[in-house]
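This report describes one protein model, beginning with a single helix and its surroundings and then turning to the overall fold, the charged pairs and the surface.

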Amino acid sequence: MTSPSYGHERPLTVDALLVVSVYGISMLVPVMDGSGRPLTAGGAVLGAVICASLFFRRRWPPAVLVVTASGTAVYLVSSASKSPLMPATMVAMYACALHRPRREALLEVAVVAALLAGVCLLYTS
């Protein structure tokens, strides 16, 4: 039997380790950047949902990209500060670039980059 076309065979523990690592980094950024703005409970829950979606990045890269970009945009709008959730979106962008045809990936990643750049310009201080 051949392996699925959506990605390489990898143990689930590696995917889980990535999710936990990205979540941990996202939770440490507000503490370490010195801005004095701790992450709220809502931001932590939103971060958990966004990072958990990365577990499915090989199977459904565009859907994961939509979830991470939407969640990051919601955080940016609601907090009016830089988002510590951006690493999850970057991982999702990389997954799209890796697992999608070049033209489709370029379009998807460019739309997300433009969306997040616009939200950053409009809503962050």
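## Helix H3 and its cover

The cover over the buried residues of H3 includes H2, H4 and H5. The model under discussion is predicted. Those buried residues of H3 are Pro61, Val64, Leu65, Thr68, Ala69, Gly71, Thr72, Ala73, Tyr75 and Leu76. H3 itself contains 19 residues, and its first and last C-alpha atoms lie 27 Å apart, close to the 27 Å expected at 1.5 Å a residue.

Two residues illustrate contacts made with H3. Ser53 belongs to helix H2. With a relative accessible area of 10%, Ser53 falls under the 20% limit and is therefore buried. Leaving aside residues up to four places away in sequence, Ser53 touches Val64, Val67 and Thr68. Of these contact partners, Val64 and Thr68 are among the buried residues of H3.

The second residue, Val77, is located in helix H3. Its relative accessibility is 41%, so Val77 counts as partly exposed. Val77 touches Val119 and Tyr123, again not counting residues up to four places away in sequence. The C-alpha atoms of Val77 and Val119 are 7.2 Å apart in space, although the two residues are separated by 42 residues in sequence.

## Helix H4

Which residues of H4 are buried? They are Ala88, Thr89, Ala92, Met93, Ala95 and Cys96. These residues cover an arc of only 160 degrees around the axis, which means that they lie on the same side of H4. As a general point, an α-helix has 3.6 residues a turn, so residues three or four places apart point the same way. The buried residues of H4 pack against H1, helix H2 (41-53), helix H3 (61-79) and helix H5 (102-123).

The length of H4 can be checked in the same manner as that of H3. Helix H4 (residues 86-99) has 14 residues, which at 1.5 Å a residue should span 20 Å; the C-alpha atoms at its ends are 20 Å apart, in agreement with that expectation.

## Overall fold

The protein has 5 helices and 0 strands, and its pattern along the sequence reads α-α-α-α-α. Of the 125 residues in the protein, 33% are buried. Among contacts with a separation of 6 or more, 69% involve residues 24 or more positions apart. The accessible surface comes to about 7,700 Å², and carbon and sulfur atoms account for 70% of it.

## Salt bridges

A search of the whole structure finds 4 salt bridges. Three of them are listed here with the separation of their N and O atoms.

| Salt bridge | N to O separation |
|---|---|
| Arg57 and Asp15 | 3.3 Å |
| Arg100 and Glu104 | 2.8 Å |
| Arg100 and Glu108 | 2.9 Å |

Why does the salt bridge between Arg57 and Asp15 tie together parts that are apart in sequence? Arg57 forms a salt bridge with Asp15; Arg57 lies in the loop between H2 and H3 while Asp15 lies in helix H1, so the pair links parts that are 42 residues apart in sequence. Both partners are buried: Arg57 has 11% relative accessibility, and Asp15 has a relative accessible area of 6%.

Arg100 takes part in a salt bridge with Glu104 and in another with Glu108. At 26% relative accessibility Arg100 counts as partly exposed, and Glu104, at 36%, is likewise partly exposed. Salt bridges that share partners also join Asp15, Arg57 and Arg58 into one network.

## A nonpolar surface patch

Leu28, Val31 and Met32 form a nonpolar patch on the surface, and together they have about 350 Å² of accessible area. Leu28 is placed in helix H1 (residues 12-32). The relative accessibility of Leu28 is 46%, so this residue counts as partly exposed. The value for Leu28 lies between the limits of 20% and 50%, and it is also over the 30% that membership of a patch requires.

Key: Residues numbered from 1 in each chain as written. Predicted model: local features only at pLDDT ≥ 70, side-chain atom pairs only at ≥ 80, totals over all residues. Heavy atoms only, no water. Patch = residues over 30% accessible without salt bridge, like charges linked within 9 Å, V, L, I, M, F, W, Y side chains within 5 Å. Areas by Shrake-Rupley, 256 points an atom, 1.4 Å probe, with all protein chains shown as cover. Salt bridge = Lys/Arg side-chain N within 4 Å of Asp/Glu carboxyl O. Helix = DSSP H or I, 4+ residues; strand = E, 2+ residues; numbered from the N terminus. Buried < 20%, exposed > 50% of the residue type's maximum accessible area, 1.4 Å probe, protein only. Expected span 1.5 Å × (residues − 1). Arc of directions from axis to C-beta. Contact = heavy atoms within 4.5 Å.
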